[in-house]
Amino acid sequence: MGIVRKQSIKSTIITYAGFVIGALNYYLLARFFTKQEVGLTRILFNVCSILAGLCALGSIPMFTRFFPYYRDKAKKGMHELLFWTVVINFFGFLLMVFFSLIFRHLIIRKFIGNSALFIQYFYLIYPFTFFLVAYNVYENYANNLHRTALTSFLRETVMRITVLACIALYLFRLIGFGLFIHLFSLVYGVIFLVLLFYLFSIRHFGLEYQASPVTRSLYKRMALYGTFMFGGSVFMLVSQNIDGIMIGSLKGLQYTAVFELANYISMVIMVPQRSISAIASPLIAASWKENDLAAIANLYRKSAMTQLILGIGILGVIWINADNIFHFLPAYKDGKYIILVLGLARVIDLGTGLNYQILLNSRMWKLDFITSVILVIAFIFLNYVLIRKYGMIGSAWSTLMAMTVYNGLRYIFIKWKFGLQPFTSKTLLALISGLVSWQLSSRIPWAGNIYLDIFVRTVLFVLIFGTCTLGLHLSQDMDQTWHKLLVRIKVKSR
C-alpha cells in the first residue's frame, strides 16, 4: 500500500489544484457566457468522452490487464503492446467518423429543437475526440509505468490552465465565441503533445510492431477480453456522461449548464478514487497474475476506508457551504439539491473501494461486463423517465439509485467468489462521525460575512471530523500520513 499512498497523495494534491482552476473556469464561464454557451462546452465534452470510449474498442482495460505479461519479458514487449493499442484506437476513430456521418441527420433531429447550438458546432467532435483518444492511450501507458502524478498533472491541471487561457482570450475580446469553442476542442491536443515529449525523453516512446511470442500465445485471450471490456467500458462511460446529453436533448442546453455545474462540484468528491485507482489498478492486475489474494484484500480494505473518509469529508465541506457557493452564482441555484443527491452517490461509490478494478482484472470480468450492461441500460431508461417527469433532479436520483445497486452487486460478487469484502466495524464509525460533524458545524449562526462564514464552517467541520478520524484510528493510511506530517513539522521547527 506504500506506493499507492505515496503516488495517490501526489496525484490528489495535483488533482485538487486542477479542480481549483476548474472552479475558476466554471465561475468565469457562468458569469460571462450564456447558459447555452456553457451548456455547449459541457455537452461537447460529454459526447466526446463517450465517443472516445467507443474508439478504444476495449483496448485500454486490455492493456492494463496484460501489461504485466509484456513487462516481464522485455522492454520492447511494452512497446509492442502500445503499438497494437494505438492501431486499435486509430481504427476505432475511423469507424466513429464513418458512423457519425451516416447517423448525422438522426442526431440533428434529436438536438435541433432544444440544443441548436450543439448542431451548429457538431463537427468539433472530431478534433476533440481524436486528441482525447490519443491522450487516453498514452495516459494509460504512463500510468502502467507508475507515472500517475504526471498524468494527473496534465489532465487535471495543465488542461484546465489551457481552458483558462482560452477563456482569458475571450474575456479580453481577442477572440469571439466561435474561435473560443474551436480552441476548446483542441485542449486535449496540448496535453497529448506534452505527454509524448515526456515519454520520448525517458525513452518509452518507441513502438514495436512485430508480434512477439507473448502476443502469439495471448492474442486470443486478449481479443476476447478486449471485446467484453469494450462493451463494459462504453456502458460505464455512457452512465457517467449521459445525464448532460439527455438533459440537453430533452430540456435544453441552459439546463445542461446548471446540471453540469452541480455535477462538477460533486465530482470533487471523486478525486481520491481517481488518484488511488490510477496507481492501484496496475498493482491489482499484477497481484491477480501472481494470485496474491492477500495483497488484493489489503488494497481493498484500505482503499475503501480511506476513500470513504475522504468522500464524507469533502461532501460535508461542500454541503455546509452550499448556500454560500450559489451566492456567487445565483442563476445556477437550482443545482443545490442536485449536489447533495449526486454527492451521496459518489460517497457510496468511494466507500465500496476498488471493486471495479478487482473485478475487471479477475476471472469474473465477464460477469462484471454482463451486470454493467444490464444496469446501465436500466439507468438510461430510468434517467429518461425521471428527467421528463422531474427535470434535472430526476437525473440525479437515477444516478444515486444506479450507483447503489451497481456497487451492491459488485460487493456481493466479490465476497461470494473470492471471500473479499471492504468493510470493517470502523466503517459505521466513519459514517456516524461524518453525520455528527455535519450536524454540529451546520448549526452555527451566520458569521456576518460570506468569506468568514465559509472559513468558520469549513474549519469547524474539518476539525471535528478530523479529530474523530484520527482519534478513533479509522484509517491506517491516514494515521501514518498524519504521523509523518508531524515528524516533518518537528524536524523543520528545530
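Contact, in this tour, means heavy atoms within 4.5 Å. The model is a predicted one, in which local features need pLDDT of at least 70 and side-chain atom pairs count only at pLDDT 80 or more, while totals for chains, interfaces and linings use all residues. Residues are numbered from 1 along each chain as its sequence is written, and side-chain values use heavy atoms, with hydrogens and water left out.

**The whole chain**

Begin with the protein chain in cartoon view. The chain holds 22 helices and 0 strands; these are DSSP runs, numbered from the N terminus, with helices being H or I runs of at least four residues and strands E runs of at least two. Its radius of gyration, taken over C-alpha atoms, is 23 Å, close to the 23 Å that the globule rule gives for 494 residues, so the chain is as compact as a globular protein of that length. That rule is 2.2 Å times the number of residues to the power 0.38. Along the principal axes, the C-alpha atoms fill a box of roughly 70 × 55 × 50 Å.

Next, colour by burial: 54% of the 494 residues count as buried. Buried means under 20% relative accessible area, exposed over 50%, and partly exposed in between, with a 1.4 Å probe and protein chains only. Of the contacts with a separation of 6 or more, 84% are made by residues 24 or more positions apart.

**Stop 1: R346**

Select R346 in helix 16, which spans residues 336-351. R346 is buried yet has no salt bridge, a term for a side-chain nitrogen of Lys or Arg within 4 Å of a carboxyl oxygen of Asp or Glu. The nearest side chain of opposite charge is D349, 6.7 Å away. Display the surroundings as well: leaving aside neighbours within four places in sequence, R346 is in contact with N263, S266, M267, I269, M270 and T399.

**Stop 2: the salt bridges**

Side chains of opposite charge can pair when their charged atoms come close. A search of the whole structure finds 4 salt bridges, and three selections follow.

Select E139 and R155, whose side chains meet in a salt bridge at 2.8 Å, N to O. This pair links distant parts of the chain, with E139 in helix 7 (residues 125-144) and R155 in helix 8 (residues 148-171), 16 residues apart. Both E139 and R155 are buried.

Move to K336 and D323, which also form a salt bridge (2.8 Å, N to O). Here K336 belongs to helix 16 and D323 to helix 15 (residues 322-328), 13 residues apart. K336 counts as buried because its relative accessibility is 17%, whereas D323, at 54%, counts as exposed.

Then select D453 and R457, joined by a salt bridge of 2.7 Å, N to O. Both lie in helix 21 (residues 450-471), 4 residues apart, about one turn of the helix. D453 is buried, with a relative accessible area of 2%, and R457 is likewise buried, at 11% relative accessibility.

**Stop 3: N324**

Keep D453 displayed and add N324, a residue of helix 15. At 7% relative accessibility, N324 counts as buried. Not counting residues up to four places away in sequence, N324 touches W446, I450, D453 and I454; D453 is the residue of the salt bridge with R457. To finish, mark the C-alpha atoms of N324 and Y337: these residues are 13 positions apart along the chain, and the atoms are separated by 14 Å.

Methods
Lys and Arg count as positive and Asp and Glu as negative; His and the chain ends are not counted.
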